[in-house]
Amino acid sequence: MGQWQGLVKSQRSLRGHLAEVSIQFKLGTPRRLGCIATNLAAETRVIPRVHFWGRSAETVSRRPPTLPRAMNNLLLIAGFFLSAVVAVPATGQVRYTVEPVQTNSLIHLRVEMAFSAEANSETRLALPEDRFGVGEMHRWIRNLEAEGGADLTRIEGGRYRVRHRPNNEVRLSYEIAYDPGEAGFLAFGPSVGPDHFHFFGSQWMARLESQQGRREVEVQFRMKDGSGALGSSFGIGPGPHLVRASDYDFDYSVIAGGRYRTAQGRCHGRPVETMIQGDFEIPDSTVFSLVRKIVCGQRELFEDFDRPFFTVFVTERDRLQAGAPVLHGFTAFMDAATDEAELRRLLAHEMIHTWFPRTARLVEPERPDAPETRTRWFHEGFTEYLSRMTLVGQGLETRAWMAERTNEDLERLAYHPHATATLDELEEAVREGRYTNSHHRLHYRRGALLGLCWDQQIRDWSGGKHTLLDPLREVVREARASGGVIGLDRFGQILSQYGVDALGDVRRHLEERVPITVDAEALGADYHLGSRRLPSFEPGFDVAATLWNGAVTGLQENGPAARAGLREGMKIVNLENATPWIGTDIVSPRIGRWDPDEVTVVVVEADGRRHRFAFSARGPVREIPMFRPSSE
Ligand SMILES: [Zn+2]
């Protein structure tokens with residue numbers, strides 16, 4: 001019961017801008033939330049405002065790390081930091097120096113910021129505004145001070161006017177004193193403890209309001225002896241690192257340090273650094289080796305070797321398995337009890353996001369203002385399929401596992417209340433603020449099945465010579481040459497050169513409500529597509545709309561719910577055994593499974609009292625597609 005309470009509340013709280021993730025953590029077991037790209041969007045209905053993925057960035061001036069030869073192999077270096085300190089002239093427009101400061105209970109960050117003042121003797125400064133869910137980040141910032149005769153006046157919130165002598169260097173400093181205990185759970189909030197920290201760029205970087213678009217900054221870390229490890233998206237070591245990137249890239253960057261265990265390896269001669277913080281059941285050596293296999297292996301598959309360095313952060317966070325692609329790497333949060341299969345899946349998924357959408361974002365050029373949900377079937381669904389495909393390709397998962405994942409997609413989709421929702425309808429749900437996690441997960445299911453179908457079509461068409469990766473490598477190449485985006489039409493052209501009618505499939509399945517059907521041979525000759533007989537879910541009211549409205553909606557006359565006594569508009573307190581479309585991969589098994597042999601329970605509140613209604617939602621049996629090994 002308690003679990004359901006959480007879900008109902010969270011769905012209703014969407015209207016109050018309260019993130020579903022912030023409620024979900026109260027529920028029972030670890031859940032896979034996917035990535036930030038997805039979750040903030042899905043659960044806080046800020047999609048039009050939040051830009052998930054930045055354009056590619058270049059490191060302007062990079063010190064090649066001078067690592068001992070032994071470091072070419074994977075090394076485990078606990079509490080030890082490999083530095084490659086070479087002085088770089090301060091030529092960045094803004095120079096940041098970050099120093100972790102140990103307080104009694106938590107690590108604070110002291111940030112010094114220096115920039116050349118503008119001629120007009122007044123500069124606008126914006127303290128960090130977080131894109132990952134921390135409201136009014138500036139509330140956690142203390143001791144903002146200006147040096148050298150500059151004068152600070154607060155305009156409002158975290159915005160300041162800095163008065164200074166014209167054409168002078170201005171120096172500011174501030175301290176970030178984030179306290180997760182006081183802030184409460186935020187899936188992607190800063191991770192701060194007595195001996196470690198992890199911040200996204202938008203959680204620590206103040207910026208000049210005059211700087212729009214791509215900008216150049218210099219970042220340097222000041223680490224005291226014994227302050228532990230350090231990792232960042234700006235370079236290997238404490239810097240200074242001069243980086244030119246977009247606002248989004250800076251927002252989607254990470255700095256982390258303290259009690260992280262680090263390992264450094266190489267892919268094609270370029271450093272890959274892994275940082276782990278937390279007390280995981282999986283041994284560090286397994287995490288390090290999986291990161292290396294997945295990061296290097298996927299790069300081989302995408303033939304992408306020119307990233308200067310790559311940093312992967314793995315940080316403990318209760319009851320969460322989620323991540324985000326960041327500048328030159330990705331970051332993952334996971335529960336201490338995460339098992340190896342879940343870790344593989346998380347790492348592979350986040351790594352694929354390095355390309356889709358971070359390097360190649362699919363857009364509809366004729367709809368420049370459309371929310372990203374229109375192409376999320378690709379960004380999330382194909383990422384999901386490609387992560388499965390590459391895990392199997394690398395021998396890290398079996399084909400039987402792939403078949404299970406596919407069967408799960410088929411089954412959940414068969415029960416999904418929005419299974420055939422069109423892209424226009426989903427866009428409308430975003431614009432009207434009724435886009436929920438259920439809408440969101442649809443993209444993973446439908447996209448993964450489309451990915452599977454196209455992969456198989458390409459293999460058939462080319463007589464086994466090509467796979468889905470071949471056109472997608474071309475997509476990445478073209479997008480790189482055009483600022484990180486690729487138009488849907490061009491995407492379709494590339495796929496059509498491999499025998500796939502991508503645009504036709506998108507139109508049919510995502511715009512014209514034709515259900516996605518998979519080919520009997522989609523998993524290869526050793527699997528065949530059969531079906532299983534499962535009861536349909538017929539509770540006699542619209543569960544998805546009811547969750548959204550917080551009141552019984554769409555009640556059918558004489559349906560099971562009505563016969564049990566439910567009435568339209570009754571205020572919902574609790575639901576149990578009522579969402580067969582939610583997968584076991586994202587929520588606790590108890591919520592995820594609709595057990596047709598158990599009653600569905602609805603608890604409502606009326607006249608200050610609670611009333612419980614229980615009834616069977618079991619409908620007529622129907623055939624649901626399912627792959628089985630041909631040998632069976
Ligand atoms: Zn994702």
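User: Which residues make up the covered face of strand 10?

Analyst: In this predicted model, strand 10 covers residues 169-176. In a regular strand, side chains alternate between the two faces of the sheet. Here E169, R171, S173 and E175 sit on the uncovered face. The covered face is made of V170, L172, Y174 and I176.

User: How many bridges link strand 5 and strand 10, and what stands opposite L109?

Analyst: Strand 5, residues 107-116, pairs with strand 10 in the antiparallel sense. Count the bridges between these two and you get eight. As for L109, the residue opposite, in strand 10, is I176.

User: Strand 7 also joins strand 10, so to speak; which residue is the bridge partner of A146?

Analyst: Strand 7 takes in residues 141-146, and four bridges join this strand to strand 10. The two run antiparallel. Look across from A146 into strand 10 and the bridge partner is L172.

User: Which strands stand at the edges of the open sheet with the order 8-9-6-13?

Analyst: This sheet has four strands, and the pairing is antiparallel. An edge strand here has a single partner strand, so one side of it is left without a neighbour in the sheet. That fits two of them: strand 8 (151-156) and strand 13 (207-208).

User: What is the bridge partner of R154 in strand 9?

Analyst: Strand 8 and strand 9 (residues 159-163) run antiparallel, with five bridges joining them. Pick R154 and go across to strand 9: the partner is Y160.

User: Is helix 9 parallel or oblique to helix 11?

Analyst: Helix 9 is residues 399-415 and helix 11 is residues 437-461. Their axes come within 10 Å and cross at roughly 130°. Angles over 145 degrees would count as roughly antiparallel and those under 35 as roughly parallel. The crossing angle therefore makes helix 9, relative to helix 11, oblique.

User: Which residues of helix 11 make the contact with helix 9?

Analyst: Helix 9 passes helix 11 in a left-handed crossing. From helix 9, the contact uses T406, D409, R412 and L413. On the helix 11 side, the residues are R445, R446, A448, L449 and L452.

User: What is the mean pLDDT of the protein chain, and where is the pLDDT below 50?

Analyst: The mean pLDDT is 83, and 84% of the residues reach 70 or more. One stretch below 50 has 76 contacts in the model beyond near neighbours in sequence: residues 1-33. Another, with 22 such contacts, is residues 585-591.

Key
Residues are numbered from 1 along each chain as its sequence is written. This is a predicted model: local features need pLDDT of at least 70, side-chain atom pairs count only at pLDDT 80 or more; totals for chains, interfaces and linings use all residues. A residue is buried if 20 or more other C-beta atoms lie within 10 Å of its own, exposed if 12 or fewer, and partly exposed in between; C-beta atoms are placed from the backbone. Two strands pair if DSSP finds at least two bridges between them. pLDDT is the predictor's confidence in each residue, from 0 to 100. Two residues are in contact if their C-beta atoms, placed from the backbone, lie within 7 Å. Axes are lines fitted to C-alpha atoms, for helices over the stretch in contact, and angles run from 0 to 180 degrees between N-to-C directions. Angles under 35 degrees count as roughly parallel, over 145 as roughly antiparallel, 65 to 115 as roughly perpendicular and the rest as oblique. A crossing is left-handed if the near helix is turned anticlockwise from the far one by less than a right angle, and right-handed if clockwise.
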